[in-house]
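Please open the model in your viewer and keep the sequence beside it, since this tour goes from one selection to the next.

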Amino acid sequence: MKRIIITGSNGLLGQKLIKLLVKKNTYNIYGISKDKNCLNDKRGYTFINLDITDPNALSELIEKINPCFIIHTAAMTNVDTCELHKKECDIINVDAVRTLVESCKKNDIHLIHLSTDFIFDGKKGFYKEDDIPNPVNYYGLSKLRSERIIIDSNIKHTIIRTILVYGLTDDNKNNIVLWIKNSIENKQQINLVTDQLRMPTLVDDLAQACIYALKNNIEGTYNVSSDQLISIYELAVEVAKAFDLDKSFINPIPTSSLDQPAKRPPITGFDLTRSINELKLPSFSFSERLQVFKNQLESLD
Ligand SMILES: NC(=O)c1ccc[n+]([C@@H]2O[C@H](COP(=O)([O-])OP(=O)(O)OC[C@H]3O[C@@H](n4cnc5c(N)ncnc54)[C@H](OP(=O)(O)O)[C@@H]3O)[C@@H](O)[C@H]2O)c1
């Protein structure tokens with residue numbers, strides 16, 4: 001059986017990848033995370049506690065497992081934390097990728113790397129894979145630098161860029177949709193920006209795209225998200241509608257009224273043509289996928 005390493009197996013995407021790949025029963029799966037394993041079902045894969053910022057430990061582990069693929073989801077993903085802790089952000093988001101790339105080069109491993117819409121400045125929206133990046137914050141810059149290390153290395157690679165991911169995890173990790181739902185249910189007023197537009201992504205769709213690239217040895221850079229460009233405020237209204245909640249708790253605000261350490265790109269969103277054609281990405285609106293997420297939550301009750 002082919003061996004696959006998934007870094008960040010405790011994360012939103014990492015957990016979903018482990019679950020979907022274990023079901024397929026065609027791979028030997030190794031999940032790596034820094035904290036203890038937070039998946040409920042520990043069967044069908046090997047979990048390894050490892051800090052990917054330790055280059056020796058990481059390369060030794062890769063040598064030992066000798067995988068065909070590494071899906072690299074681990075990252076410092078909090079945009080404001082990256083802005084405030086640039087050195088730590090570099091070590092996780094850039095230096096660890098350099099270590100992975102070296103190992104992939106030495107052992108002929110295909111690297112599937114996760115990246116972000118935040119590599120763009122958000123002035124135009126509907127970004128194509130080949131548009132010129134121009135990050136407005138440190139997180140975006142760190143992810144762009146990691147992309148460039150991979151591309152310049154000439155290793156077999158797939159870069160999958162995504163936007164504002166939400167979905168279910170075993171440890172009830174917070175995400176924007178759950179935060180909005182829980183806040184309104186707790187009768188809290190919430191302020192959401194009207195001038196930042198995104199194409200939110202259900203984690204299941206993102207995981208399926210990664211698995212398609214893996215199964216079919218697809219190389220290159222791909223955009224993966226829903227196909228509905230929506231403001232964060234409208235997103236909240238859609239969540240209220242889907243879960244039958246009172247939308248009067250949602251207040252529209254401009255970004256200028258927030259005092260966040262990191263700037264945000266105003267309008268992102270992707271042109272999805274390449275992924276629809278080559279990764280067979282199904283084209284779904286955010287509103288449609290929200291219903292899937294709602295059903296997943298209800299099946300837990
Ligand atoms: N979520 C989004 O909205 C979004 C949007 C665009 C792009 N992306 C990209 O998609 C990828 C996956 O995102 P996600 O939302 O699944 O991330 P996430 O939920 O924040 O998970 C990241 C995981 O990385 C692990 N990790 C962090 N530092 C580590 C270290 N030093 N050593 C080992 N493991 C470490 C953490 O493991 P522990 O919990 O064990 O510490 C964490 O569970 C990331 O590359 C991100 O940049 C995400």
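Is β5 largely enclosed by the rest of the structure or exposed? Seven of the seven residues of β5 are buried, so this strand is largely enclosed by the rest of the structure; here a residue is called buried if 20 or more other C-beta atoms lie within 10 Å of its own, exposed if 12 or fewer, and partly exposed in between, with C-beta atoms placed from the backbone. Before going further, note that this is a predicted model, in which local features need pLDDT of at least 70 and side-chain atom pairs count only at pLDDT 80 or more, while totals for chains, interfaces and linings use all residues. Residues are numbered from 1 along each chain as its sequence is written. Helices (H or I, at least four residues) and strands (E, at least two) are DSSP runs numbered from the N terminus.

**The central strands**

Select residues 110–116, which make up β5, and show the side chains. In a regular strand the side chains alternate between the two faces of the sheet. In β5, His110, Ile112, Leu114 and Thr116 point one way, Leu111, His113 and Ser115 point the other way, and all are buried.

Next add residues 69–72, strand β4, which runs parallel to β5 and is joined to it by four bridges; two strands are said to pair if DSSP finds at least two bridges between them. Following the partners along β4, you find Phe69 bridged to His110, Ile71 opposite Ile112 and His72 opposite His113. Both faces of β4 are covered, with Phe69 and Ile71 buried on one side and Ile70 and His72 buried on the other.

Now bring in β1, residues 2–7, which runs parallel to β4 and is joined to it by four bridges, with Ile6 standing opposite Ile71. Across β5, select β6 as well: β5 and β6 pair in the parallel sense over six bridges, and Thr116 stands opposite Thr162.

**The whole sheet and its helix**

Widen the selection to the full sheet, an open one of seven strands in the order β3-β2-β1-β4-β5-β6-β11 with parallel pairing. Its edge strands are β3 (46–49) and β11 (220–224), each of which pairs on one side only. Neighbouring strands of this sheet are turned by 20° against each other on average, direction ignored, where axes are lines fitted to C-alpha atoms, for helices over the stretch in contact, and angles run from 0 to 180 degrees between N-to-C directions.

Helix α7 (residues 203–215) is the next selection: this helix packs on the sheet, touching β4, β5, β6 (157–162) and β11, and its direction makes about 165° with that of β6. Contact means that the C-beta atoms of two residues, placed from the backbone, lie within 7 Å.

**The nonpolar core**

Centre the view on Ile160, which, leaving aside its neighbours within four places in sequence, is in contact with Ile112, Leu114, Ser115, Ala209, Cys210, Ala213, Tyr222 and Val224. The largest nonpolar core has 84 residues, and those with the most contacts inside it are Ile4, Leu111, Ile160 and Cys210; such a core is a set of buried Ala, Val, Leu, Ile, Met, Phe, Trp, Tyr and Cys residues joined through C-beta atoms within 7 Å. The largest share of this core, eight residues, comes from α7.

**Around the ligand**

Turn to the ligand: of the 24 residues around it, Gly8, Gly11, Ser33, Asp35 and Ala74 come nearest, a residue being near a molecule if its C-beta atom, placed from the backbone, lies within 6 Å of it. Helix α1 (12–24) and β5 each supply at least two residues of this shell, and α1 gives the most, with three residues.

**Helix α8 and two last residues**

Select residues 232–242, helix α8, where Ile232, Tyr233, Leu235, Ala236, Glu238 and Val239 are buried. Their cover includes α6 (176–185), β8 (190–193), β9 (197–198), β12 (230–231), β13 (250–253) and α10 (286–298).

On α6, pick out Trp179, which counts as partly exposed because 14 C-beta neighbours lie inside 10 Å. Finish at Arg264, in the loop between β13 and α9 (273–278). With 19 other C-beta atoms within 10 Å, Arg264 is partly exposed, and, not counting residues up to four places away in sequence, Arg264 touches Gln196 and Thr255. The C-alpha atoms of Arg264 and Asp121 are separated by 8.1 Å, although these residues are 143 residues apart along the chain.
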